[in-house]
Amino acid sequence: MNGPAESRDDDHGLPGPARIPGPRGAADDLPPEAAPEPPPTHAVLKSLLGAWALAACSAEETQAVEDHLTECAPCAEEALRLRDAVGLLHPEESLDLNPLLRSRVLEGCLGKRPARIPVPAWASPYDTEAARLDALLRDFGDAEWHTPVRLKWFGEERRQTRRTTVAGVIGHLLSVDGLVATALGLDDPLGAEAPAVPAARTEHFWESSPYPTTRQVREPWREQGHTLVRTVSFAGRGVAELEVDYGDFRLPLGDAFLERAFECWVHAWDIAEAVDYPYDPPSGAHLHRMIDLAARQLPGALAERRRAGLASPARGLVSAGSPGRTLHLEIEGARGGSWDIALDSPAAATSAEHTVAQIALDGVEFCQLAAGRVTPEEAAAGQHGDREAIRDVLFAAASLSRL
């Protein structure tokens, strides 16, 4: 028995939506616009972190998660932990670079937007130098971690040395980095009873380390470095002015991070030399910052040596801010520069009219002098003017070094 014909939307016999009659070609013949989907909730985005760390999210999910990480600190920290855990699932790669790496890095950089919570500029040298040293250590076998390394510094008017191993050097860095950690309110890796002076802390670590001085020390050192950079990146303005207590002197946190970057580079150089591996200096911009820190410390170091009877007496006492005798330091090479050093008092102003001497040094050689790797007599400096002032400044630069 035939019934009334059903309305059909297409040739497949599926019922179509009801239509409102209207003039031919009217816009209401178009399907209604779909309502926009609500953004994912915090709980949903948090549940996607594991898949995101494994690169298993869709493009839309990845974008949503990464947008969320720039605004949610707890999720950002959890994401970092998951990424580090995923890294352990992959075999560590050789230091030999893939020839296509440069183009891939540039392509990736051009496709990314700047981070909303970037690493502060004053912490970038430490972040970079710690990562470079970690890359050097990544290929080391068990035997290389026990390779002898001789640490050097300048003290008591001569070069001092201390024999340790590659693992011992990393333990030394871990110990002194702990002073920066405590200034930020983080746990001291050596415990609450550890000494406050860098050399004593290192000896304490070597004698009673909570970590074996083998390759196992790498993980706590690197994790502490990540924590330091992450903490200052999320901190508010003014954190760079916090003071770090080194026992016998203090540094603003910004300068302390730069000093730790310098130590990372110098000791990476020591390790590379011990295992006969090439190691380049820092980038020009970072090297310039390290030189600037050492140059700014020279007037204080010179005054300290004068009080100890190790430098010539001041030629004339001037009030704070008044011009006094000046030495002009010229640093040559990549991102060098020039600095005027007050000779008679750290509080005196420098003056071109009162310049009595000039020193010219290569940037890397100046850093070697400040690190105690070359003595003042060995530094190939271009010198002009007052010989006594030149000697005092070169010895003051060498005195900046320590274990």
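Biologist: Which residues in α13 meet which residues in α14?

Modeller: This is a predicted model. In it, Phe 366, Leu 369 and Ala 370 of α13 meet Leu 394, Ala 397 and Ala 398 of α14. By class, that contact has six nonpolar residues, no polar ones and no charged ones.

Biologist: At what angle do α13 and α14 pack?

Modeller: The angle is about 70°, and the axes are 6 Å apart. Angles of 65 to 115 degrees count as roughly perpendicular. So α13 and α14 are roughly perpendicular to each other.

Biologist: Which other helix packs with α14, and at what angle?

Modeller: α12 does, at about 100° with the axes 9 Å apart. That makes α12 roughly perpendicular to α14. From α12 come Leu 298, Ala 301, Leu 302 and Arg 305. They meet Asp 392, Val 393, Phe 395, Ala 396, Ala 397 and Ser 399 of α14. This contact of α12 with α14 divides into seven nonpolar residues, one polar and two charged.

Biologist: How do I read a pair such as α8 and α11? At what angle do their axes cross?

Modeller: Look at the angle between their directions. An angle over 145 degrees counts as roughly antiparallel. The axes of α8 (residues 166-183) and α11 come within 11 Å and cross at roughly 180°. The two helices are therefore roughly antiparallel to each other. On the α8 side, the contact includes Val 166, Val 169, Ile 170 and Leu 173. On the α11 side, Leu 253, Ala 256, Phe 257 and Arg 260 are among the residues. Eleven residues of the α8 and α11 contact are nonpolar, two are polar and three are charged.

Biologist: Now the sheet. What is the order of its four strands?

Modeller: The order is β6-β5-β7-β8, in an open sheet with mixed pairing. The edges are β6 (337-342) and β8 (382-385), each pairing on one side only. From one strand to the next, the twist averages 15°.

Biologist: How many bridges join β5 to β6?

Modeller: Six, and the strands run antiparallel. To find your place in β6, start at Trp 339: Leu 329 stands opposite.

Biologist: Which helices lie on this sheet?

Modeller: Take α13 (residues 363-370): this helix packs on the sheet and touches β5 and β7 (355-362). Its direction makes about 105° with that of β7. Then take α14 (residues 387-399), which lies across β5, β7 and β8. Here the angle to β7 is about 45°.

Biologist: How do β1 and β2 pair?

Modeller: In the antiparallel sense, over eight bridges. Gly 155 stands opposite Arg 158 in β2. Their hairpin has two residues between the strands, and Glu 156 there takes a positive phi near 55°.

Biologist: How is a pocket found? How much space lies in the second largest one?

Modeller: Rolling a probe the size of a water molecule over the atoms shows where empty space is left. About 1100 Å³ of space lies in the second largest pocket. Of its 36 lining residues, Phe 249, Ser 399, Leu 400, Ser 401 and Arg 402 are the closest to its centre.

Biologist: Which element supplies the largest share of that lining?

Modeller: α12 does, with nine residues. Elements that supply at least two residues each include β1 (148-155), α9 (198-208) and β4 (250-252). Two more are α11 (253-274) and α12 (284-307). By class, the lining of this pocket has 19 nonpolar, six polar and eleven charged residues.

Key
Residues are numbered from 1 along each chain as its sequence is written. This is a predicted model: local features need pLDDT of at least 70, side-chain atom pairs count only at pLDDT 80 or more; totals for chains, interfaces and linings use all residues. Side-chain values use heavy atoms; hydrogens and water are left out. On a 1 Å grid over the protein atoms alone, a cavity is a set of points where a 1.4 Å probe fits but cannot get out, and a pocket is an open set with protein on both sides within 12 Å along at least five of seven lines; lining residues have an atom within 4 Å of a point. Grid points are joined across faces, edges and corners, and a volume is the space filled by probe spheres set on the points. Ala, Val, Leu, Ile, Met, Phe, Trp, Tyr, Cys and Pro count as nonpolar, Asp, Glu, Lys and Arg as charged, and the others, Gly among them, as polar. Axes are lines fitted to C-alpha atoms, for helices over the stretch in contact, and angles run from 0 to 180 degrees between N-to-C directions. Angles under 35 degrees count as roughly parallel, over 145 as roughly antiparallel, 65 to 115 as roughly perpendicular and the rest as oblique. Contact means heavy atoms within 4.5 Å. Two strands pair if DSSP finds at least two bridges between them.
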